[in-house]
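Here are a few exercises to help you find your way around a new structure. Have a go at each one before you read the solution.

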Amino acid sequence: MRMTETSDLWWKNAVIYCLDIETFFDADGDGTGDIAGLAERIDYLAELGVTCLWLMPFYPTPDRDDGYDVTDYYGVDRRLGNHGDVVELIRTANDRGMRVIADLLINHTSDQHPWFRSARASKDSPYRDFYVWRPDTPPDTSDQVVFPDKEDSIWELDEKTGEWYLHHFYSHQPDLNIANPRVRDEIMKTIGFWLELGVSGFRVDAVPFFLSDVGLQPEDKEVGDPHTYLKQMRAFLGRRRGDAILLGEVNLPHDEQQLYFGQNGGDELNMLFDFITMQNLYLALARADARPLVDALVRRPPIPPDCQWATFLRNHDELTLDKLSEEERGEVFAAFGPDPEMQVFGRGLKRRVPPMLDGDPRRVRMAYSLLFSLPGTPTLYYGEEIGMGEDLRAEGRMAVRTPMQWSDDTNAGFSTAPARKLVGRVVEGGYGPEHVNAAAQVRDPDSLWNFIRNVIQTYRSCPELGWGSLTVLDQPHHHVLAHQLTWHTSSIVAVHNFSSEPVTVPLRPAVPGATAVMDLLQDGQCDVEDGAVELTLEGYGYRWLRVMHDGERRLP
């Protein structure tokens, strides 16, 4: 083992599970999920094999943007619990071998935050330059808004002072002025505070947006290059807790993404979500052709050895397709979201995976087998492990933020409150709790839950998947992806059929001296003859194979 390959780099082969506390489990019966409820369900997540919980915002909020509009970075929303509950949750998770990371929301605050309430009250406020203001009428910025159905500019006129403030997101979420050293100090204190309470790092929201705000300010001698601030954050994090991480939301082209890892051996973000691979994976599924995914994987830029890509099929936002061409996006819409009510802003989908794949268990399982076998760290969104659907009646991203379906009881076992008091509607119809729930699936050995649990266990026994170098193996079928991950002398080969038709795949693993390949997701072994092996896959079939050499035996 090389010196960098230690348990301190736990994120290289973690299993991350994202959840919204308010929709996960309601312990006190008021209709809103809470921290105590999540703590009650930690054993469920431990049994699944999760090693890292990513908590969506739990800070005090007026809740105009599902908690992403914060009024106190150091607080806990009273609906969810208190600081004692947070500490107990983290302790309970740690006892089961799980780390906890929290959302770090430093691009903007709520307009109800005390800083902004003071800043907008007077130009002489000590918090005025905590935000970005301009006295002159801004140009047309309608092409820069994040929510084009709600906003037509990234500047909002504040009537009292007669100046405009910057907001890349909603007008009730003013952007912070990261060029201000006092703002940077407050953010560092926020990081330090939650680290002291036990979190293992942060998912950093909207990273390119707050760095772009630095460029709007007069050059600051400490932050001339916006990336300097990310380096400062990473250095501070390392001083306070050496094994903590920054996982960044950076939806940019590959050449720009690379900058966010840091150019000095990985001294900025530890991890980045791989939006480009996700979008091309859906294009590949829509076409039943693996080549778009292959192109995305081979075009990934090299990253420092301590860094990692986070892979995902679904997250808490709309399923953005903004890095595809208009024609490619149209193909994905046609395959997985043909109705306007399934789409968001013309750039993404408000759907979960099983409904997009027509509920075909073969395609769903192939997709999750693919997720866990791709190079990187897999990230699950709550409810994926049981195949939850979406509520298309809900607006935008809220379609996939429905209550967790624990059982077929009232309110899906999420809460004992009357339905009218629930934080959100339970999914109805074919993906409702009478058909899709955790209680039934945990008991059913053939369920999606048990399939994903088995895949997670296999993934955790294969360090090559997190640490290995990628080789896409040559084979003649465009609808098949065959890739190999090699770490030192060990190799895993994964083969996935994107088509409904069975196929025979000739492979030549890129490991000299291989004598056999051993199935990891099922019993079986194939001999390698003259360096080659032939595999048969059913429609939407998949295989994970460990490459064996003379003298190696399967572990019991």
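**Exercise 1.** Work out in which order the strands close into a barrel.

*Solution.* Keep in mind that this is a predicted model. Go round the barrel and you'll pass 8 strands, in the order β1-β2-β3-β7-β8-β9-β10-β14, with parallel pairing. Next, look at how neighbouring strands of this sheet sit: on average they are turned by 25° against each other, ignoring direction.

**Exercise 2.** Find how β1 and β14 pair, and which residue stands opposite C18.

*Solution.* Start with β1, residues 16-19, and β14, residues 377-381: they pair in the parallel sense, over 3 bridges. Then zoom in on C18, and you'll see Y381 in β14 opposite.

**Exercise 3.** Place helices α5 and α7 on the strands.

*Solution.* First take α5 (residues 181-196), which lies across β3 (99-104) and β7 (201-204) and runs at about 135° to β7. Now α7 (residues 227-240): this helix packs on the sheet and touches β3, β7 and β8 (245-248), its direction making about 145° with that of β8.

**Exercise 4.** Describe how α5 and α7 pack against each other.

*Solution.* Step one is the geometry: the angle is about 30° and the axes are 10 Å apart. Angles under 35 degrees count as roughly parallel, so α5 and α7 are roughly parallel to each other. Step two is the handedness: α5 passes α7 in a right-handed crossing. Step three is the contact itself, where R184, I187, M188, I191, G192 and L195 in α5 meet Y229, Q232, M233, F236, L237 and R240 in α7. Sort the residues of this contact and you get 8 nonpolar, 2 polar and 2 charged.

Note on methods
Residues numbered from 1 in each chain as written. Predicted model: local features only at pLDDT ≥ 70, side-chain atom pairs only at ≥ 80, totals over all residues. Heavy atoms only, no water. Pairing = 2+ DSSP bridges. Helix = DSSP H or I, 4+ residues; strand = E, 2+ residues; numbered from the N terminus. Axes fitted to C-alpha atoms, helices over the stretch in contact; angles between N-to-C directions. Contact = heavy atoms within 4.5 Å. Parallel < 35°, antiparallel > 145°, perpendicular 65-115°, else oblique. Left-handed = near helix turned anticlockwise from the far one by under 90°. Nonpolar A, V, L, I, M, F, W, Y, C, P; charged D, E, K, R; others polar.
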